[in-house]
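Here are some short exercises to work through with the model open beside you. Try each one before reading its solution.

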Amino acid sequence: MKHKLTINGLLVALLLGSATMAQDSQPEGATAVTTVTTVNPDSLSLSAVIRLALEHNQTLRKATLSEEAGIQKTREIKAQALPQVNLNGNYSNNFIKPVIVLPGELTGQPGTISTIEMGTTHNIGITGEVKQELFNQSVFTGLQAARKSEEYYRLQTRLTEDQVIQSVASAFYQLQVNRVKREIVDSNMISTRKILTTTETQFKAGLARRIDVDRLRVNLANLESMANLLNNAIYQSENQLRYFMGMQMDDPLQFSTPSLANIQEEMNTVLQQESNEIMQLNDFKLLKKQEELLHLQKKAYKAEYYPKLSLFGNYSYNGISNKFDLLKTSGTSTWYDVAAVGLRLSVPIFDGNARQARIAQSNIQIKQLQEDLSQKKSQLTLNQRNAKMQIANSISTIRQQEKNIILARDIYETTQSNYKLGLSPLTDLLNAETSLTQARNNHAEALLQFKLAQVEMLKSNGNLQSLTQQ
């Protein structure tokens with residue numbers, strides 16, 4: 001009896017990991033074989049994998065560290081606006097003292113020259129200094145830039161998160177399709193082995209040709225080779241997911257096979273999703289933040305033309321003696337203190353036009369970034385439109401492949417019936433089975449492209465974070 005899978009039933013069968021060969025697709029005397037992937041209740045869903053990746057991915061950790069570094073950079077800039085306090089100590093041994101030359105008239109020996117040593121042998125001093133900026137436009141501009149830098153690094157982290165989510169989702173869906181393809185191959189191998197067994201029996205009885213047996217063996221060998229390739233692809237996909245999650249390759253993780261039974265509903269609603277404004281996307285915001293930073297950099301260069309005014313105060317306590325005995329109680333040393341407060345004004349006059357050159361460079365960088373902004377806006381708009389077009393193409397391909405599967409199954413069933421009656425050669429049956437397999441693989445690939453297009457659309461709309469909730 002002929003049996004046709006409905007489209008919805010086929011979707012569920014493929015994407016749940018089922019690889020069912022209907023009873024009528026088996027040779028005479030064979031029973032229906034259904035291979036279903038066992039889903040571990042503790043296996044990881046896509047959202048769980050994404051959440052783990054957001055916690056442990058090394059690239060994202062580096063971005064987070066850069067964000068923390070930006071916070072510390074702000075603290076460094078803020079420190080320039082706070083009082084600067086320093087304490088210095090020094091000791092010197094003047095074993096050859098400087099001298100001063102005096103005319104003899106001053107020493108009571110007219111017509112001669114006298115020299116007098118200056119200072120003492122041992123000198124020690126402790127100095128404390130406090131400095132407070134009263135007006136320094138460069139520092140004030142730096143504070144504004146530091147706060148903008150924090151926002152820049154936060155946006156950079158969000159972008160890295162989006163990249164991780166997209167990579168994880170793409171690898172996860174690729175894993176599912178590889179599983180489906182492997183199960184299709186498994187089902188074909190079961191069918192081929194049964195046909196081979198029957199044909200070998202017929203050959204021994206003189207009812208089949210040797211070439212038919214050889215063709216079946218070659219076909220089975222090809223299927224086994226394909227199964228090995230798909231096993232490797234599954235292994236690589238799982239390891240890729242472990243890598244994105246920041247896990248060890250030997251970690252015993254299980255990845256679930258999600259149900260996509262609502263694929264028809266998704267296809268009907270996905271194109272109705274509204275796109276976010278380009279200027280609300282993190283890619284665009286990041287460039288805008290860079291533009292703000294460049295304007296602040298230009299402002300900082302201009303600030304170098306401004307004078308700087310600071311308040312300072314210092315106090316020092318010094319001891320001198322001709323003996324290495326600086327204890328005040330010994331009576332051989334002299335101690336005295338010095339203190340001062342004041343204002344320090346620094347006025348830039350001429351620096352060879354270096355500041356002017358730096359400002360000109362900033363203007364060029366700003367113009368370059370404005371070109372980047374225009375280009376990024378066009379690119380993001382293009383990405384949104386391309387994502388919608390890819391979604392539409394994927395939906396059209398899926399529906400076409402659904403029809404192809406039904407047609408290929410009809411051809412296979414008819415050819416199988418003719419083969420049983422001796423009206424069709426084995427070659428036609430193998431070709432029909434290959435066509436059915438190809439149609440099913442193409443359908444699975446079309447589903448993958450649809451899911452990848454969905455991910456791309458979420459990215460172009462700035463909604464990739466929604467995958468963590470699915």
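**Exercise 1.** Find how many bridges join strand β7 to β8, then place both strands in their sheet.

*Solution.* Step one: β7 (residues 308–321) and β8 run antiparallel and are joined by 13 bridges; strands here are DSSP runs of E, at least two residues, numbered from the N terminus, and two strands pair if DSSP finds at least two bridges between them. Within β8, Thr-334 stands opposite Ile-320.
Step two: the open sheet has four strands, ordered β3-β6-β7-β8 with antiparallel pairing. Because β3 (84–93) and β8 (334–346) each have a single partner strand, they stand at the edges, and one side of each lacks a neighbour in the sheet.

A note on the source: this is a predicted model, where local features need pLDDT of at least 70, side-chain atom pairs count only at pLDDT 80 or more, and totals for chains, interfaces and linings use all residues. Residues are numbered from 1 along each chain as its sequence is written, and side-chain values use heavy atoms, leaving out hydrogens and water.

**Exercise 2.** Work out which residues of helix α2 are buried and what covers them.

*Solution.* Step one: in α2 (residues 46–56), the buried residues (under 20% relative accessible area, 1.4 Å probe, protein chains only) are Leu-46, Ser-47, Ala-48, Val-49, Ile-50 and Ala-53. Helices are DSSP runs of H or I, at least four residues.
Step two: their cover includes α3 (58–79), α5 (137–204) and α6 (210–244).
Step three: Val-168 touches (heavy atoms within 4.5 Å) Leu-46, Val-49, Ile-50 and Ala-53, among others.

Conventions: Buried means under 20% relative accessible area, exposed over 50%, partly exposed in between (1.4 Å probe, protein chains only). Lists of a residue's contacts leave out its neighbours within four places in sequence.
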